[in-house]
Structures are given as structure tokens and as C-alpha cells.
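Here is a small set of exercises to work through with the coordinates open in your viewer. Try each task before reading its solution.

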Amino acid sequence: MQANDYIRLENEFGAHNYKPLDVVLSRGQGVWVWDADGNKYLDCLSSYSAINQGHCHPKIRQTLIDQAHKLTLTSRAFRNDQLGLFYRELCDLTHTHKVLPMNSGAEAVETVIKTVRKWGYKIKGVPNDQAEIIVCANNFHGRTITIVGFSTDDNSRNGFGPFTPGFKIIPFGDADALEAAITPHTVGFMVEPIQGEAGVIIPPAGYLAKAKAICKRHNVMLILDEIQTGLGRTGKMLAEEHEGIEADLTLIGKALSGGFYPISAVLSNTEVMSVLQPGEHGSTFGGNPLACAVARTALKVLVEEGMIENAAAMGAYFLDGLKQISNPIIREVRGKGLLIGVELSPDAGGARTYCEKLKEKGLLCKETHDHIIRFAPPLVITQNEVDWALEWIGAVLGQG
Ligand SMILES: *Cc1c(COP(=O)(O)O)cnc(C)c1O
């Protein structure tokens, strides 16, 4: 079969809820992927930051194989010999007190919403069914009904109502708006440290620290959605470290397994998690031994192989190189670590065209919204590889 045959199959038999670039990948290693015809590409998306450790990392792969020979699923009706070790290692690395494991990012978001609501009723004393959670405009937290209900993106929301009540939307990056929106019924403020899907939107310096102080003052849980920014992506284990704070609750997912297996988690720094009693929440696959074993190794290589430091160094170098590209169509280049956005002017003809051209040169990236290209390669990228990427990005974006 050839690339076009695979594409035809997808189009004929699959739902069309994505609009992928027409590249059919069949192999990956580190920062590189190969298509069905043998062409090689530098992956500058990393599956939306789920492949921070690089494609098919050999140590994570070996763990997956070994654990698959031993035990894959027990359900939480019984215990397994990986879950406790996963908890302890994750807590040590992220300075967390308690962990609740789930599978996808959206499930971690749903879990944290349930947790802070329960906390609001049991501990804070909010009247029944009155809890409010504050979120930000242009957020991306996933695709369930509750989550898209508080999205401000028409594509995500329209036609999917009725939605879950109890959410209030404020502008991103505006600490005063947060303070003004809080009422005695507010139980949580959920925010991304950097809005990835919105186009790598970085809030003003000090925003998270201010949000933390405001939440503390009003007895509101600060929830950071680090599903995309966490696990080394921005050059720190968690992006909150850039502002020297600790959220009350933190969500991680994506790179938690290095791209091998869906696993996510809610991390808690307070006793808030103790409001959940047996039977009140769960997941058949959540905390399964295969996921836990894979995640343990994925976390281990992230730290032991210096990927977080590399993300900081290569991110700064990549960002600097992108800023050297001169063309009036480039409106702004911004980023932290290896989460970088290049915003084009609205009359540039759309970011998609440039992603198509970059694909022809051997670089895979994806537009986010119409005018922004995100560059987020695996954290194992070398300086030579960044130079190679910059050369082609310059060739495509630099022609004025
Ligand atoms: C990807 C993402 C999610 C949703 O994760 P899924 O695994 O796709 O459900 C939630 N929040 C953020 C910030 C994300 O980037």
C-alpha cells in the first residue's frame, strides 16, 4: 500500500474530526519520524507534547515489553506492585503529597473538578450544588461535555449543549479579574501556566504567583493544568517552578508515559484529596500496572538523561534563532523552553500553508488557530538538529 491508499482508508472509514497533514507515518526514533515511503522528518510537534522523551525511547520501550509479559491490568479492586512505587517516585519529583491516576488529560480535568467541588461542600461549606469554578478565556482543557462547556472556542462548543453549569470565565493573565470574580461559592481557579492550544500565550511575569496569593487569601484551590507545559516542556519539571510557586492541584498527562500509553494524574499539595471516599470516583484502567511501570521509566529518563535542562538550553537557542528570521509576515516569536509559537500576521495567508511547505522540507509542525505555528520538538533535540530546523524554517518563513 502507498501513502494515498492509507489516506483513502482513513477518509472512507473514519470520522473526520481531525484535519491532519497528509503524511502517513510508520516509524519513529528520537526526534525523527519516517513516512510509509521512507521519507524522514523532524517532529516539531511531539504529539502535542506527549513525546517529550523522543519517539520509541529504548528504555521506556523495554519497560513496556517487560511489564506486558508480567501483568497489565488488575483494576483497582485489587492492588498491584507498580502503583505505590509510581506514586512515591512521582511525588518525589514533583513535591506532591497525593496522586490520583487516570488515563487521558480530559479525565484528569474531570477528576479535579469533582474533587474541588466535593471539597467545597464538605470542607469550605459552600451550599449544595452552588460551587463555582473560575477558568480563563481561550482555555484548552480537553473535549468532554463539561470541559467544552466552559471553552470560548466556537468550534469546540457549538452544537454540543446543554452544558454543565458552575463555571465562570475571566480573561487570561489578569490577576485583578480573578480577584473580582471570586465569590464565597468559588472553590477553584483552573488555568494553564502557558496556553498551548490557544497559540503559546504566555501570561505577564508574576501572574501565577499573584493568582496563588489571591486563591490563598480567599480559600480557593489553585489548579494548574500542566498537561502540556509539565514534565520538562518549558525547561522545568513543572512550569509553576518558573514563578517559584506550588499549585494546590496540578494536572499532568501527555508525556507522563513518553508517548507509549495513556496515563494522566491529578497531583495534590493539600489534604483536598482526602475528601474522596471509596466508591466516589474511579476508572477501570486508572493506575494499572502497565501504565505505572511505563510512567516510572518515562519520568526516570526525563531526569536522568538531562532532558529538562536540554529543553531549557535548546529552547533558548531555538527561540533566538527564530527571532533572527526577518520577514514582515512574522508578527511575534515567543516561547518558554521547547514550547514555542510563531505568530504570523493575518494577511500572511494562514499558518497551514507554511506547515505544508515545511513538511515538504522535512519538518513536521502544526498550525494552532489560523495564524500561529507551534514548534515543540522532543526534549532530546540536539543543537545540530535545531540548526538544521532553523535553516529550513528560515528558507520557508524568511522569504519576504
Ligand atoms: C491535551 C490537553 C488536555 C487534554 O488531554 P487529552 O489527553 O487529549 O484528553 C488538557 N489540557 C491541556 C492543557 C492539554 O494540552
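**Exercise 1. Find which side chain places an N or O atom 2.8 Å from an oxygen atom of the ligand.**

*Solution.* Start with the side chains: in this predicted model, the one to pick is Gln228, with an N or O atom 2.8 Å from a ligand oxygen. Next, turn to the backbone. Gly105 has a backbone N or O atom 2.8 Å from an oxygen atom of the ligand, while a backbone N or O atom of Phe140 sits 3.3 Å from a ligand nitrogen. With a cut-off of 3.5 Å for a pair of N or O atoms, the Gln228 pair at 2.8 Å counts as a polar contact.

**Exercise 2. Describe the shell around the ligand by class, and state what percentage of the ligand's area the protein buries.**

*Solution.* First list the neighbours: Ser104, Gly105, Ala106, Phe140, His141, Gly142, Glu192, Asp225, Ile227, Gln228 and Lys254 surround the ligand. Then sort them, which gives 3 nonpolar, 5 polar and 3 charged residues. For the area, return to the polar contacts, where Gln228 meets a ligand oxygen at 2.8 Å. The ligand on its own exposes 380 Å², of which the protein buries 81%.

**Exercise 3. Work out how the chain is divided into domains, and how many residues each gives to the contact.**

*Solution.* Domain 1 takes two segments, 3–57 and 306–397, and domain 2 covers 58–304. Their C-alpha centres are 26 Å apart. Counting the contact, domain 1 supplies 31 residues and domain 2 supplies 33.

**Exercise 4. Characterise the pairing of β11 with β12 and the hairpin they form.**

*Solution.* Take the strand bounds first: β11 spans residues 330–336 and β12 spans 339–344. The two pair in the antiparallel sense over 6 bridges. To check the register, follow Glu332, whose bridge partner in β12 is Glu343. Finally, look at the turn: 2 residues lie between the strands, and Gly337 has a positive phi near 60°.

**Exercise 5. Inspect the backbone at Ser46 and at the peptide bond from Gly161 to Pro162.**

*Solution.* Recall the usual background: most residues other than glycine have a negative phi, and most peptide bonds are trans. Now compare. Ser46 is not a glycine, yet its phi is positive, at about 55°; this serine belongs to helix α2, residues 46–49. The bond from Gly161 to Pro162 is cis, with omega near 0°. To place Pro162, look in the loop between α7 (154–157) and β6 (167–170).

Notes: Residues numbered from 1 in each chain as written. Predicted model: local features only at pLDDT ≥ 70, side-chain atom pairs only at ≥ 80, totals over all residues. Heavy atoms only, no water. Near = heavy atom within 4 Å. Polar contact = N/O pair within 3.5 Å; in protein donor to acceptor, adjacent residues only side chain to side chain. Areas by Shrake-Rupley, 256 points an atom, 1.4 Å probe, with all protein chains shown as cover. Nonpolar A, V, L, I, M, F, W, Y, C, P; charged D, E, K, R; others polar. Pairing = 2+ DSSP bridges. Helix = DSSP H or I, 4+ residues; strand = E, 2+ residues; numbered from the N terminus. Domains from an automatic or database assignment. Contact = heavy atoms within 4.5 Å.
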